[in-house]
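Subject: Structure handover

Hello,

Here is the structure for you to look over. My notes on what was found follow below it.

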Amino acid sequence: MWLVNTATLRLEFFNDADDVAYVILSHTWGPGEVVFEDMNDLDAARTKAGWDKIQTTCEIASTHGYHFAWIDTCCIDKSSSAELSEAINAMFSWYRKAALCYAYLSDLHLQPEADNLETSLRPCRWFTRGWTLQELIAPVNIHFYDASWNLVTSKHEATAVISRITGVDVAVLEDMTNLTEIPVGRRMAWASQRQTTRVEDMAYCLLGIFDISMPPLYGEGHKAFLRLQEEVARQSNDLTLFAWEQEQAQTLQYRAIFAKSPLEFRNCSYLKALPPRFDAANEFSLTNRGLRI
C-alpha cells in the first residue's frame with residue numbers, strides 16, 4: 001500500500017499494512033482532489049483544492065505521533081487495474097488496521113455551545129455516501145472534524161448518536177467483530193439510503209461489510225450488486241438475503257431472486273438473527289436452475 005509521509009508529504013510504498021503504524025482519512029470527494037499522479041509534483045499538487053485535506057491530515061497525524069497517512073484520493077494508483085482491485089478488496093482491512101481514522105465532514109459548521117450534536121451531524125453528506133459506511137464500521141478509533149478541522153467528537157463518545165443517524169447497531173460500532181451477528185438483510189438496509197457516484201461502487205463498497213472478495217469490473221453496472229449477492233449466498237445460509245422488496249413502480253415486473261440495489265432492503269432494518277438451531281436448518285445452494293433450499 002502507498003502511504004503519505006507526514007513529514008515530507010511524499011508517497012512511500014509498504015508491502016504490508018502491518019509493517020507500519022498509520023492514520024487514515026475518511027471524507028467525501030469534491031472538485032480538485034489530488035490524485036496519485038499529482039504526488040509526483042508536489043508544487044503542482046499544492047495548487048489543487050484538495051491539497052488542504054492532505055496537508056492538514058498530515059499535520060494532525062504528526063501531532064498524534066504518526067509518520068504516515070493513507071488518503072484514498074492520492075494513495076491508489078488507478079492506472080493499474082491490479083492495484084485498484086487490491087485496494088478495493090483490502091480497503092476495509094486497511095481502515096480496520098489504521099491506528100486512528102480522521103473523518104472530515106466538509107459541510108459541518110458546528111457551534112458547540114449553540115448546536116445539538118445529532119441535529120448538526122444528521123444532514124452531513126458523509127452519512128449519505130456508500131464508501132463511508134465501511135469507513136465508519138471498520139476503524140477502532142474515529143475522530144470527527146468539522147469544515148474548519150475542529151475536533152467535534154469521536155466514535156466512542158457519539159456511538160448512540162451515530163447509531164440513530166445511520167441505523168448501524170451500537171454493538172457493531174463498538175466492536176466490528178459483531179458484524180457476523182447481524183442478519184444480511186439488516187446490513188443491506190444500512191446501505192439502502194446511501195449513494196455512490198459509480199453504480200458498481202454500490203456493490204464494491206460493501207465487500208468488507210460481508211467479508212467478500214471479488215474483482216471490480218467497471219462497466220458492469222447493476223450486475224456488480226448481483227455478483228455481490230451471489231458471493232454472499234455462497235458463503236452464508238442467511239435467508240434474509242431474500243427479504244428485499246421491489247420498489248412500488250416495479251411491482252408488476254418479473255424479477256429473479258436477487259435485489260437490484262440496496263434500496264430494495266430499505267424495510268429490513270427490523271430483521272433479527274435466528275437462534276443457531278434454526279439458522280443451521282436454512283442451508284441452501286445456488287444451482288444452474290436457481291436456488292435450492
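What is the strand order in the open sheet of seven strands, and how are the strands paired? The order is β2-β1-β4-β3-β5-β6-β7, and the pairing is mixed. Please keep in mind that this is a predicted model. At the edges stand β2 (11-13) and β7 (151-154); each has a single partner strand, so one side of each lacks a neighbour in the sheet. From one strand to the next, the twist averages 35°.

Overall figures

The protein has 293 residues, of which 52% are buried. Its secondary structure consists of eleven helices and nine strands. The accessible surface is about 14400 Å², and carbon and sulfur atoms account for 50% of that. If contacts are restricted to residues at least 6 apart in sequence, 61% of them join residues at least 24 apart.

The β1 end of the sheet

β1 has two pairings to report. With β2 the sense is antiparallel, over three bridges. In this pairing Trp 2 faces Phe 13 of β2, and Leu 3 is opposite Glu 12 of the same strand, β2. The two strands make a hairpin with five residues between them, and in the turn Leu 9 has a positive phi of about 65°. With β4, β1 also runs antiparallel, and two bridges join them. Here Asn 5 has Phe 68 in β4 as its bridge partner. As background, strands of a sheet pair through backbone hydrogen bonds, in either a parallel or an antiparallel arrangement.

Helices on the sheet

Helix α2 covers residues 51-63, which makes 13 residues. From its first C-alpha to its last the helix reaches 19 Å, close to the 18 Å expected at 1.5 Å a residue. α2 lies across β1, β3, β4, β5 and β6, and its direction is at about 140° to β5. Helix α3 (residues 81-97) packs on the sheet too, where it touches β1, β3, β4 and β5. The direction of α3 makes about 105° with that of β3.

Which residues of α2 are buried? They are Trp 51, Lys 53, Ile 54, Thr 56, Thr 57, Cys 58, Ile 60 and Ala 61. Note that Lys 53 is in this list. The cover over the buried residues of α2 includes strands β1 (2-5), β3 (23-26), β4 (68-70), β5 (100-104) and β6 (142-145), as well as helix α1 (42-45). After α2 comes Gly 65, which has a positive phi near 90°.

Aromatic pairs

How many aromatic pairs does the structure hold? There are twelve. Two of them are described here.

In the pair of Trp 2 and Phe 36, the ring centres are 5.4 Å apart and the planes are at 70°, so this pair is edge-to-face. The pair links distant parts of the chain, as Trp 2 is in strand β1 and Phe 36 is in the loop between β3 and α1, 34 residues apart. Trp 2 has 23% relative accessibility and therefore counts as partly exposed. Phe 36, at 13% relative accessibility, counts as buried.

In the pair of Tyr 104 and Trp 149, the ring centres are 4.2 Å apart and the planes are at 5°, so the pair is stacked. This pair also links distant parts of the chain: Tyr 104 belongs to strand β5, while Trp 149 is in the loop between β6 and β7, 45 residues apart. Both Tyr 104 and Trp 149 are buried. They belong to one aromatic cluster together with Tyr 102 and Tyr 145.

One loop residue

Asn 237 is in the loop between α10 (223-235) and α11 (276-279). Is Asn 237 buried or partly exposed? Its relative accessible area is 22%, so Asn 237 is partly exposed. The C-alpha atoms of Asn 237 and Val 184 are separated by 9.7 Å, and the two residues are 53 residues apart along the chain.

Regards

Technical notes
Residues are numbered from 1 along each chain as its sequence is written. This is a predicted model: local features need pLDDT of at least 70, side-chain atom pairs count only at pLDDT 80 or more; totals for chains, interfaces and linings use all residues. Side-chain values use heavy atoms; hydrogens and water are left out. Helices (H or I, at least four residues) and strands (E, at least two) are DSSP runs, numbered from the N terminus. The expected span of a helix is 1.5 Å times one less than its number of residues. Buried means under 20% relative accessible area, exposed over 50%, partly exposed in between (1.4 Å probe, protein chains only). Contact means heavy atoms within 4.5 Å. Two strands pair if DSSP finds at least two bridges between them. Axes are lines fitted to C-alpha atoms, for helices over the stretch in contact, and angles run from 0 to 180 degrees between N-to-C directions. Accessible areas come from the Shrake-Rupley method with a 1.4 Å probe; for residues, only the protein chains shown count as cover. Rings of Phe, Tyr and Trp (its six-membered ring) pair if their centres lie within 6.5 Å; planes under 30 degrees apart count as stacked, over 60 as edge-to-face and the rest as tilted.
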